[in-house]
Protein chains: 2
Amino acid sequence: MTGDLSRFSINQMTVKQLSLPDLAEACKELGVGNVGLWREPVQSYGVEATAKLVRDAGLAVTTLCRGGFLTAIDPEERAAALADNRRAVDEAAALGTDTLVLVSGGLPSGSRNLRSARERIADALAELGPYAEEHGVRLAIEPLHPMFASDRCVVSTLAQALDIAERFPAHQVGVTVDTYHIWWDDTAPLQIARAGAAGRIHTFQLADWTTPLPEGVLNGRGQIGDGAIDMREWQSYVETAGYTGPIEVELFNEDLWARDGREVLAETAARFVEHTER
Amino acid sequence: MTGDLSRFSINQMTVKQLSLPDLAEACKELGVGNVGLWREPVQSYGVEATAKLVRDAGLAVTTLCRGGFLTAIDPEERAAALADNRRAVDEAAALGTDTLVLVSGGLPSGSRNLRSARERIADALAELGPYAEEHGVRLAIEPLHPMFASDRCVVSTLAQALDIAERFPAHQVGVTVDTYHIWWDDTAPLQIARAGAAGRIHTFQLADWTTPLPEGVLNGRGQIGDGAIDMREWQSYVETAGYTGPIEVELFNEDLWARDGREVLAETAARFVEHTER
């Protein structure tokens, strides 16, 4: 691989067709030193086994995806969600990453109240933030594109995410800046500055915006360079705001999943080199 | 029809399976006095013929959809777009409506610059605003949901729309407030107040947010009451901001289009009565 990949991190979901051992091996071959992991494949392989695998491969785990889904009204559902998020913190700590990405959750069935759903997230973080801190893990609220507001994430903008995060210390709660979700928002650069000034940019992720969107809109994230987003522009915003950490590429894309995982990883690394400043 | 329909307007696209004469007749039967029209079916039927038809049926035309698509860089494309928008103004005036809805257009092929695309819209309005005023027509910039930012409309929020509109007199350029596009935005209520204070709410439209979104995401607008949006809440925002005009229901929905148009019109009117204050 030509080009500096020291800040590149491959999010596991981008190449979910690769098993964890195959991913570790492919990273080694390509000189990729960072991975973002997902809870479900990690749990399938075993948390401790995964921790050993990445340690032995010399891989740094940049983030664990994902906790969250904290919008339930029902007390039992809320208690279950909190318990699951504490487990996610435990897993993050076991994997040696300092960042757990949170996808907040959508509207409960029958509800039309985004505002109160956002407040329930803040209520939950008042319990989870200290727990995460005790385990050396930071929570990173990820605003998802507004097209997910009803069914997946009631936090749609960096401003909304920061309005919640700022109620807590930065080493407990910050934000995920993902180009895919915020690229349309002309106020996002200012919000990135707001987040950076307080040390709340806990991770920076790239995905490109391509159309037409597929049915359900979840798995249409474009390969870097294929879409409408100027990656260098967003990189410059987070770096001007003081972020110098890893840059994770996280794509959900049926076409990429249908291809050879090592080939997709190599292509993604090459696109990273082509479309970011190093 | 039970219930006050005096402020209800049926946008033609909601029942596009109905011909213009059938739409006029169905409106008469149901006691619907307002329609929003679209250029393509009006042109097919004939602008003057449509004007006579609605006049004879006693229907008020609340809006004409749509002008816009003003983001081209190529000079010939820009000139063609401006000419087409002048024709749209002429058609609006001929139909007796004072409001032409504008969908701004997406990114030109190969461009990743939303900011400059938005500036080109403002440049175009500097020419179109005075022309519209001469013809007694107001231009209503419609922010479309951010999921349309690349391919259909680079204006994604009311704030962005007002940033452009405020460069012109309110009787030339205002905004379209459509629940479907802005319901996720916690800053939209403030922007509605900003628009209302300046007399820039030129039309208010309803559609509900339902999931999963269909492929291409264009034709997934839900029937009023079927989705996540509290219509009364948004009605209260525009009314508190001083808007007392028609409330148009504009749905793009394959399931509704597959049904009997009169039945859909009756259902839509009933849902309007159920979900708005009168």
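How many of the nine residues of strand 3 of chain A are buried? Eight are, so strand 3 (residues 60-68) of chain A is largely enclosed by the rest of the structure. A residue is buried if 20 or more other C-beta atoms lie within 10 Å of its own, exposed if 12 or fewer, and partly exposed in between, with C-beta atoms placed from the backbone.

## Basis

This is a predicted model: local features need pLDDT of at least 70, side-chain atom pairs count only at pLDDT 80 or more, and totals for chains, interfaces and linings use all residues. Residues are numbered from 1 along each chain as its sequence is written, while chains are lettered from A and ligands numbered from 1 in the order in which they are written.

Helices (H or I, at least four residues) and strands (E, at least two) are DSSP runs, numbered from the N terminus.

## Strand 3 of chain A and its partners

Strand 2 of chain A pairs with strand 3 of chain A in the parallel sense, over five bridges. Two strands pair if DSSP finds at least two bridges between them. Opposite G36(A) stands T63(A), in strand 3 of chain A.

Strand 3 of chain A also pairs with strand 4 (residues 99-103) of chain A. That pairing is parallel too and has four bridges. G68(A) has V103(A), in strand 4 of chain A, as its bridge partner.

## Helix 1 of chain A

Helix 1 of chain A covers residues 20-30. Its buried residues are L20(A), L23(A), A24(A), A26(A) and C27(A). They fall within an arc of 165 degrees seen down the axis, so they line one face of the helix. The arc is that of the directions from the helix axis to the C-beta atoms.

These buried residues pack against strand 1 (8-11), strand 2 (34-38), helix 2 (39-45), helix 3 (47-57) and helix 11 (261-275) of chain A. Just after helix 1 of chain A, G31(A) has a positive phi of about 80 degrees.

## The barrel of chain B

In chain B, eight strands close into a barrel. Their order is 1-2-3-4-5-6-7-10, and the pairing is parallel. From one strand to the next, the twist averages 30 degrees. Axes are lines fitted to C-alpha atoms, for helices over the stretch in contact, and angles run from 0 to 180 degrees between N-to-C directions.

Strand 1 (residues 8-11) of chain B joins strand 2 of chain B through two bridges. N11(B) is bridged to G36(B) there. Five bridges link strand 2 of chain B to strand 3 of chain B, with N34(B) partnered by A60(B). Four more link strand 3 of chain B to strand 4 of chain B, where L64(B) has L100(B) as its partner. Strand 3 of chain B has eight of its nine residues buried, so it is largely enclosed by the rest of the structure.

## Helix 4 of chain B

Helix 4 of chain B has 21 residues (75-95). At 1.5 Å a residue it should span 30 Å, and its end C-alpha atoms are 30 Å apart, which agrees. The expected span is 1.5 Å times one less than the number of residues.

The buried residues of helix 4 of chain B are A81(B), N85(B), A88(B), V89(B), E91(B), A92(B) and L95(B). They cover an arc of only 165 degrees around the axis, which puts them on the same side of the helix. On the other side, P75(B), E76(B), A79(B) and A83(B) are exposed. The cover over the buried residues includes strand 2 (34-38), helix 2 (39-45), helix 3 (47-57), strand 3 (60-68), strand 4 (99-103) and helix 5 (114-134) of chain B. G96(B), just after helix 4 of chain B, has a positive phi of about 80 degrees.

## Two residues of chain B

H135(B) sits in the loop between helix 5 and strand 5 (138-141) of chain B. It is partly exposed, with 15 other C-beta atoms within 10 Å. Leaving aside neighbours within four places in sequence, H135(B) is in contact with V89(B), D90(B) and A93(B). Contact means that the C-beta atoms of two residues, placed from the backbone, lie within 7 Å. H135(B) and A92(B) are 43 residues apart along the chain, with C-alpha atoms separated by 8.8 Å.

L265(B) lies in helix 11 (residues 261-275) of chain B. It counts as buried, with 24 C-beta neighbours inside 10 Å. Leaving aside neighbours within four places in sequence, L265(B) is in contact with I10(B), V15(B), A26(B) and L30(B).
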